[in-house]
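I opened this model to look up its enclosed and open spaces, the strands around them, and the annotation that the record holds. My entries follow in the order in which I looked.

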Amino acid sequence: MISILIRNKNEGVALERALQSIKKQNFTVPYEIVLIDDNSSDNSVSIAQKHGCQVVQLDKKFTYGYAINFGVKQCQYDIIVLLSSHNILLSNDFPEKLISYFEDKNVAAVRCTPVANSKQVEQSLKSSLSITKENYDHKKDWQNLIIANCSAIRKSVAIDLLFNEAIRSNEEKLWSLDVIEKGFTIISNVPCYYLYNKKNNYKAEVRDVISKYQIDGIKPISLSYYFLNLIKSFPWAFKIAFTNWFTNIKMRTSILKATFKYSKGQYK
């Protein structure tokens, strides 16, 4: 038995694709799709209802952590898949595979594998990673902690250990650290593949870096490194600009020459 939990706000187009990929799964157990909607003004709700989702409106101001905590309470099954509306599941055996990992009662969460990350895909082909308090390596394993885009969690654990509702992002990473500190195991890079179909802007990248720094206190960049790279970037930027300009002019020149060299009906 499995619940699929999606946080959504005005993502109707992407949500349609995500739900279509869910519907192609081979479910051998009862399942439900719970959509936590943050007062969407587009057609998200009607799309979700068309696909048989349980739609619940968020009852207070959105934060990433609160939306998960709120959504977990709406789910009836103990295995909950956290899924972004921008994800497309690329195989039809997600439920069967994910459930098998939770047969170990000490497993609190399982992270699926994005096809855009070649290193994690290669890792998944060899074997999954088992992350515990004893073997966690922050430098290596931070990126292997669960991500709310596509991971499965155990509801009973998430009820006892809530997701942080104040942090601006990386709430799932912080939860992962809390979970392994309590002695649970996280399985990462399993052979369940998905496509994340959204590009993050620089604001999202900065937000993630800030929240990571708030979690571990490790400065992502020093002042001296910043100014050194700033100085180095001037000739680098000029080189890129000149290369792009030259390539563009070269292409247009070749096209112009072709109109004099070739004629309609002549293919040599």
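**Entry 1: the cavity**

I began with enclosed space and counted one cavity of 30 Å³ or more. For this I worked on a 1 Å grid over the protein atoms alone, where a cavity is a set of points where a 1.4 Å probe fits but cannot get out, a pocket is an open set with protein on both sides within 12 Å along at least five of seven lines, and lining residues have an atom within 4 Å of a point. Grid points are joined across faces, edges and corners, and a volume is the space filled by probe spheres set on the points. I note that this is a predicted model, in which local features need pLDDT of at least 70 and side-chain atom pairs count only at pLDDT 80 or more, while totals for chains, interfaces and linings use all residues. Residues are numbered from 1 along each chain as its sequence is written, and side-chain values use heavy atoms, with hydrogens and water left out.

The largest cavity holds about 90 Å³ of space, and its lining is made up of I2, I4, I22, Q25, F27, V81, L83, L89, F94, P95 and L98. By class I found ten nonpolar residues, one polar and no charged in this lining, taking Ala, Val, Leu, Ile, Met, Phe, Trp, Tyr, Cys and Pro as nonpolar, Asp, Glu, Lys and Arg as charged, and the others, Gly among them, as polar. Strand 1, strand 4 and helix 4 (94-101) each supply at least two of the lining residues, and helix 4 has the largest share, with three. Helices (H or I, at least four residues) and strands (E, at least two) are DSSP runs, numbered from the N terminus.

**Entry 2: strand 4 and its partners**

How many of the six residues of strand 4 are buried? All six of the six are, so strand 4 is largely enclosed by the rest of the structure; buried means under 20% relative accessible area, exposed over 50%, and partly exposed in between (1.4 Å probe, protein chains only). I79, V81 and L83 point one way from the strand, and I80, L82 and S84 the other way.

I then followed the pairing, where two strands pair if DSSP finds at least two bridges between them. Strand 1 runs parallel to strand 4 and is joined to it by six bridges, with V81 as the bridge partner of I4. Strand 9 pairs with strand 4 in the antiparallel sense over five bridges, and there I153 is the bridge partner of I80. Strand 1 also pairs with strand 2, in the parallel sense and over seven bridges, with L35 as the bridge partner of I6. Strand 2 (residues 31-37) is mostly covered, as six of its seven residues are buried.

**Entry 3: the largest pocket**

I turned next to open space and found about 1,200 Å³ in the largest pocket. Of the 42 residues that line this pocket, N149, Y196, N200, R207 and D208 are the closest to its centre. Helix 9 gives the most to the lining, with seven residues. By class the lining divides into 15 nonpolar, twelve polar and 15 charged residues.

I looked more closely at N149, which is found in the loop between helix 6 and strand 9 (150-154). N149 is buried, with a relative accessible area of 18%. Leaving aside its neighbours within four places in sequence, N149 is in contact (heavy atoms within 4.5 Å) with L82, L83, S84, N87, Y194 and Y196.

**Entry 4: the second largest pocket**

About 200 Å³ of space lies in the second largest pocket. Its lining divides into two nonpolar, seven polar and three charged residues, among them K119, Q120 and N189. Helix 5 (118-126), strand 8 (129-131) and helix 6 (138-141) each supply at least two residues of this lining.

**Entry 5: a three-stranded sheet**

I also traced an open sheet of three strands in the order 5-11-7, with mixed pairing. Strand 5 (87-89) and strand 7 (113-114) stand at the edges, each with a single partner strand, so one side of each is left without a neighbour in the sheet. Strand 5 pairs with strand 11 (residues 193-196) in the antiparallel sense over three bridges, and L89 stands opposite Y194.
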